[in-house]
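Please open the model in your viewer and switch to a cartoon representation, keeping side chains ready to be shown on request. The tour below moves from selection to selection.

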Amino acid sequence: MLVGDSFIEAAQIPNDAKLQALVAARLDQQFGKQRADVVAVGLSGTGQANQFGLYEAIGRSLSPDLVVLFAVSNDFADNSPLLSAVRNGWSPARPPWFFFERTASNEFRPLAPAEDWARFKLTGVDPVAFHAALIQAPGYASRFGHWRGPAAADMDTMFYRRDLPPAFAEALDLTRHAIDEWKRIAARDKFQLLIVATPTLTRGGVDASSEG
């Protein structure tokens, strides 16, 4: 089972050219026809936390032997209800996708999708406007720290900086927790877990915003 975001969804690619079809063909060549099934669970804009919810709702019933998580640099923000709200314009407290959130006692808990999420959408039509709306809401402005929004600095490249605002540091912690939860369900459902990451996932000489 291949699990990921737009890299796996691959909406622009014909079905016979999608990654799961190519992997299946390669396995057929090596091990014989129909010795292995390859399926994909992919949704654009998701991170490992959201994909955890997709697995529980869709993937678990397929009883995979191996789950391959595809990780890219924008996953850090996508695992955060707050930063995802900046990107997508929904309420951090009532998102349409599954998340984990940190409690006041510094613990993690599931944040279930809200069926009525559209009623709580933020004002505006783009991330700049969504950020402006969030900093007016109590409790959010301080979490953005010195980040002045997407008009000042790209949200995803903020993670290459060493001095992370609270919301970005929390996003890393939420990503770690999501991976830990994937490890837990791998043991529960008895499948092997493999994470495949792009080179840009690590801090380094990626672009001008990197601090080494």
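What follows is a walk through a predicted model, beginning with its sheet and ending with a helix pair.

Select the four strands of the open sheet, which are ordered 2-1-3-6 and pair in parallel. Now colour strand 2 (40-42) and strand 6 (192-197), which stand at the edges; each has a single partner strand, so one side of each is left without a neighbour in the sheet. If you look along the sheet, neighbouring strands are turned against each other by 20° on average, with direction ignored.

Next, zoom in on strand 1 (residues 2-4), which runs parallel to strand 2 and is joined to it by three bridges. Within this pairing, select glycine 4, whose bridge partner in strand 2 is glycine 42.

Then add helix 8, which packs on the sheet and touches strand 1, strand 3 (66-71) and strand 6, while its direction makes about 150° with that of strand 6.

Keep helix 8 (residues 166-189) selected and add helix 5 (residues 81-88), which packs against helix 8 at an angle of about 115°, with the two axes 8 Å apart. Because angles of 65 to 115 degrees are counted this way, helix 5 and helix 8 are roughly perpendicular to each other. Which residues make the contact between these helices? Show the side chains of Pro81, Leu82 and Leu83 on helix 5, and of Ala167, Phe168, Ala171 and Leu174 on helix 8. Coloured by residue class, this contact of helix 5 with helix 8 divides into seven nonpolar residues, no polar and no charged ones.

Technical notes:
Residues are numbered from 1 along each chain as its sequence is written. This is a predicted model: local features need pLDDT of at least 70, side-chain atom pairs count only at pLDDT 80 or more; totals for chains, interfaces and linings use all residues. Side-chain values use heavy atoms; hydrogens and water are left out. Axes are lines fitted to C-alpha atoms, for helices over the stretch in contact, and angles run from 0 to 180 degrees between N-to-C directions. Helices (H or I, at least four residues) and strands (E, at least two) are DSSP runs, numbered from the N terminus. Angles under 35 degrees count as roughly parallel, over 145 as roughly antiparallel, 65 to 115 as roughly perpendicular and the rest as oblique. Contact means heavy atoms within 4.5 Å. Ala, Val, Leu, Ile, Met, Phe, Trp, Tyr, Cys and Pro count as nonpolar, Asp, Glu, Lys and Arg as charged, and the others, Gly among them, as polar. Two strands pair if DSSP finds at least two bridges between them.
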